[in-house]
There are 2 protein chains.
Amino acid sequence: MSRVICPLLSTRVTTAEKAVEHIRPGDNVGMSGFTGAGYPKALPTALHDRMVAAHARGEDFRIGLWTGASTAPDADGVLAEAKGVSSRLPYNSDPTMRSLINSGEVDYVDAHLSHSAQHMWFGFYGNLDVAVVEVTAVLPNGLLVPSSSVGNNKTWLDQADRVILEVNHWQPREFEGFHDVYYGTQLPPHRRPIQLTDPMQRIGDPYLRVDPAKVVAVVETDRPDRNSPFTPPDETSRAIAGHVVDFLRHEVRAGRMPPSLLPLQSGVGNVANAVLAGLDGSEFTDLVAFTEVLQDGLLDLLDSGTVRAASATSFGLSDVGVERFLANISSYKGRILLRSEEISNHPELVRRLGVIAMNGMIEADIYGNVNSTHIAGSRIMNGIGGSGDFTRNAFLNFFLTPSTAKGGKVSAFVPMASHVDHTEHDVQIIVSEHGLADLRGLSPRQRAPRIIDHCADPSFRPALHDYFARAQAARPDAVHTPHLLGEALSWHERFLETGSMHAG
Amino acid sequence: MSRVICPLLSTRVTTAEKAVEHIRPGDNVGMSGFTGAGYPKALPTALHDRMVAAHARGEDFRIGLWTGASTAPDADGVLAEAKGVSSRLPYNSDPTMRSLINSGEVDYVDAHLSHSAQHMWFGFYGNLDVAVVEVTAVLPNGLLVPSSSVGNNKTWLDQADRVILEVNHWQPREFEGFHDVYYGTQLPPHRRPIQLTDPMQRIGDPYLRVDPAKVVAVVETDRPDRNSPFTPPDETSRAIAGHVVDFLRHEVRAGRMPPSLLPLQSGVGNVANAVLAGLDGSEFTDLVAFTEVLQDGLLDLLDSGTVRAASATSFGLSDVGVERFLANISSYKGRILLRSEEISNHPELVRRLGVIAMNGMIEADIYGNVNSTHIAGSRIMNGIGGSGDFTRNAFLNFFLTPSTAKGGKVSAFVPMASHVDHTEHDVQIIVSEHGLADLRGLSPRQRAPRIIDHCADPSFRPALHDYFARAQAARPDAVHTPHLLGEALSWHERFLETGSMHAG
């Protein structure tokens, strides 16, 4: 049965091969997609083919590619393979795209997710030529039932010159009513307060809107999202989770948080899932999530009642998680809301609601500056994503990481971070499997022993203490943030040279 | 004539020497004061004397000192001289205090100004034992007419166990009505939207409140604020200002801003004053400021009508500026509002209003990471202040700096920032006297040539280009942010060794 029951838009139904003719070399293309959910499934491959053919003819065919966040091999991946992307924003986790970014073939703009839609609308990124947006259905009145992520779709649909819709039959038709798309944003000076005071409050519409005159093509698909494999928490992740849950208990006992805590945000990945699992086995109940991505761990908490409801911008489930979700979809209605990433990550709301932010990282230095994006200063992994949106405005923020990587050869705690995404002014709590460093109200010099002794792997602690001591001795009139500049990045140099941060 | 006409509080009037007995060793003390305005004038000296006497007896007498922002030699300065401060937040510019911070005798917590009041209230800094707040008058009903800054006074008065008021007769009695103190803040999860949609909208009261039962002493003073000397803009500042004004024109022509721009924030100092002076000679009119500090430059614009009104948290005038302000005080009523720094710098409001943020810096690296606080990585100057609050949430943000310091020996543009306060994700426009680099929508590798060619001093450009080229060549598979880790901080090392960043 068709899901394009709008009399007007049903006349635009065509093939991906025909639809893609509306994308021209040099266009900026805003695609749907967030954490491998809700990205277009057919257009990118058709575009890949067109690009490859153009390149074979000696023609340049590259686009500026804007999304919600990460997509999948059949979106970012195929376009990267075609060498068809000149610039990319605001977040990528595709390995092929990552290689091209790191080899300099793609210019990557690593924007805060809460900024990406407004900066596009402000005109800071140039004109948006085409939007390619996956939806679940097109209603008779032309309204669009969103798919498994909302991301930047509202802005892409509003702002693009031309719109291509992908209607994916794989997405459950029951999604109708799971979304809350806020249509109250304006350009300054016409902005108004966002009147949301509870994570689950509806402030928008369940539908995306599109000007039908701009819709140049509608393509029907039936293809699954790229779902992330879910691995059960390992011992390290469980230890990290244990420290977090203990600390939350401690804060409740100290009267700094209510027993049902404050709205939870947790980043993507297995450590985040482990923290959620840790909460599920705890005394905490009636929690609520105000987050970016709904992972399997959150489904568990919704099922057990530990979490009463969750607001996000996207799903990020495993195949098993999707099956569970679909089998019980009606039980989640009203308990899960998907919003635009501009709203899910909005500083106004994150601060007002008092979110507890929990995100992973690559490394922190001994003074609490956090690197979330770069390996040894130069090579980017994924991007900052929403970690800055939440961390900066949270009531309480955590950075979670195993103390080492590469089989113990690389320390997550270093003398100086090789790149800074979250500054000393913003970082509050750092956690590894060894323990937790509460940095609130501490000077940089006070933070160092806490981070070293509580979080660093014991095999790296003596060298970190040694650096800290020698840095203080070297410039006794400049010990606010003690550093030996000639040595500050030597751990990263050693890693590049030997594959290990350990000396000798 | 007394300004303490409250029957109850007038019974608490005493001397500074008696009042200071309410401050005990180990107390956390929240003082008023922001940019040398509105700080207590008598208590700190009395406290200094008490501390010196205690130290002479071999007793420890140190406090945790919290303020709005910077104070003055007779507040921060005397307490530092007494070695009576164990920790300090959230901002300091006093040279004596700075030395103690850098020698490790004072632990300095460099917090975002918009965070400092709420983090205290959240319980992250410990108990606030005493508030020492300067006011202009105490009304019969016990309400307090604020003084020349509001800063964190609302929170200090609310949260402190004991309160000492300084009533300063030097502050104009006509200040009544110049303030808007918001009393709608709550702890999460009880926070509501802040319903401000225009920079000059009143959302609070003209008065500070205090529980009279907590007021242990009231001291009357008659002493001027520490006013900053005002120097007319030099050629470098005027050149920077010219680039900024040209760029604003360009943005208006491109349709990205209305002709009356958007609310202006400008940091403290002569470059900021120069930008204001540049606007005053331009075609722009009917502007409005939503900023932290009202400097002389802003008075000029208010007088000429270029700026119709200004919201801030503090004055930061020169002696001449104060005279002008006092002589025409009635003409500024309703055109100047002073708010709590939690509100003047609030992310919710900065983003909603679409502020144009203009702040100074110490250095930027060629990829657009900005250091606002540290010399050569370790030695702190003043602190981040409100620059992060505004930059992060602004519609448009500028960082302004002369291209060199120390007579041309030190470059404000370096291979890698020795400390990062504003990350690549946040920094949009960098300006020196040589030109302007618009970094919006650019990858790090695209930013480098713009910053080098437009902003760096020509004497440093070849070395910066050389670093950039060699860094790309060294790790061709990691050129997202090209760096040579062994050399990235060598400019700062050379400066520490030779006093110059120039080689050989």
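**Exercise 1. Locate the C-terminal domain in chain A and describe its span in this predicted model.**

*Solution.* Start with the record: an unreviewed UniProt entry lists residues 321–467 of chain A under "domain: Acetyl-CoA hydrolase/transferase C-terminal". Next, look at the two ends of that stretch, whose C-alpha atoms lie 46 Å apart. Then check the secondary structure: the span is 32% helix and 24% strand. Finally, look at the confidence: chain A averages a pLDDT of 96, and 100% of the residues score at least 70.

**Exercise 2. Work out why the residues annotated as "binding site" in chain A do not all gather at one spot.**

*Solution.* First collect the residues. The unreviewed UniProt entry gives this annotation to A:Gly267, A:Val268, A:Gly269, A:Asn270, A:Val271, A:Ile362, A:Asn382, A:Gly386 and A:Lys406. Now consider their spread: they cover 140 residues in sequence, and the farthest two C-alpha atoms are 25.8 Å apart, so the set does not all sit at one spot. To place one of them, find A:Gly267 in the loop that runs between strand S9 (264–266) and helix H8 (270–280) of chain A.

**Exercise 3. Describe the interface between chain B and chain A, beginning with how many residues each chain brings to the contact.**

*Solution.* Begin with the count: 85 residues come from chain B and 85 residues from chain A. Move on to the area, where the two chains bury about 7100 Å² between them, with 52% of it on carbon and sulfur atoms. Within chain B's share, B:Arg351, B:Arg392 and B:His425 supply 12% of the area buried against chain A, more than any other three residues.

Now turn to the polar side of the interface. There are 6 salt bridges between chain B and chain A. A:Arg351 forms a salt bridge with B:Glu342, and their closest N and O atoms are 4.0 Å apart. The two chains also share 49 residue pairs in polar contact, counting pairs with both residues at pLDDT 80 or more. On the side of chain B that touches chain A, the residues divide into 32 nonpolar, 32 polar and 21 charged.

To finish, consult the predictor's scores for the complex: an ipTM of 0.98 and a pTM of 0.98.

**Exercise 4. Take the salt bridge between A:Lys154 and A:Asp158, and explain how the two residues are placed along their helix.**

*Solution.* For context, the whole structure holds 60 salt bridges over all chains. In the pair chosen here, A:Lys154 and A:Asp158 have their closest N and O atoms 3.2 Å apart. Both belong to helix H6 (residues 153–159) of chain A; because they are 4 residues apart in that helix, about one helical turn separates them.

**Exercise 5. Inspect the backbone: which peptide bond leading into A:Pro90 is cis, which residue does a cis bond join to A:Pro189, and which sign does phi have at B:Leu261?**

*Solution.* Take A:Pro90: the bond from A:Leu89 to A:Pro90 is cis, with omega near -5°. A:Pro90 lies in the loop between strand S3 (85–89) and helix H4 (95–102) of chain A.

Go on to A:Pro189, which a cis peptide bond joins to A:Pro188, with omega about 5°. The loop holding A:Pro189 runs between strand S7 (162–168) and strand S8 (215–221) of chain A.

Last comes B:Leu261: phi is positive, about 60°, although this residue is not a glycine. B:Leu261 is in the loop between helix H7 (235–253) and strand S10 (264–266) of chain B.

Notes:
Residues are numbered from 1 along each chain as its sequence is written. Chains are lettered from A and ligands numbered from 1 in the order in which they are written. This is a predicted model: local features need pLDDT of at least 70, side-chain atom pairs count only at pLDDT 80 or more; totals for chains, interfaces and linings use all residues. Side-chain values use heavy atoms; hydrogens and water are left out. Contact means heavy atoms within 4.5 Å. Buried area is the accessible area (1.4 Å probe) that two parts lose on being put together, summed over both. A salt bridge is a side-chain nitrogen of Lys or Arg within 4 Å of a carboxyl oxygen of Asp or Glu. A polar contact is a pair of N or O atoms within 3.5 Å; within protein, one must be able to donate a hydrogen and the other to accept it, and residues adjacent in sequence count only if both atoms are side-chain atoms. Ala, Val, Leu, Ile, Met, Phe, Trp, Tyr, Cys and Pro count as nonpolar, Asp, Glu, Lys and Arg as charged, and the others, Gly among them, as polar. pLDDT is the predictor's confidence in each residue, from 0 to 100. UniProt positions are given in the numbering used here, feature names are shortened, and annotations may be inferred rather than shown by experiment.
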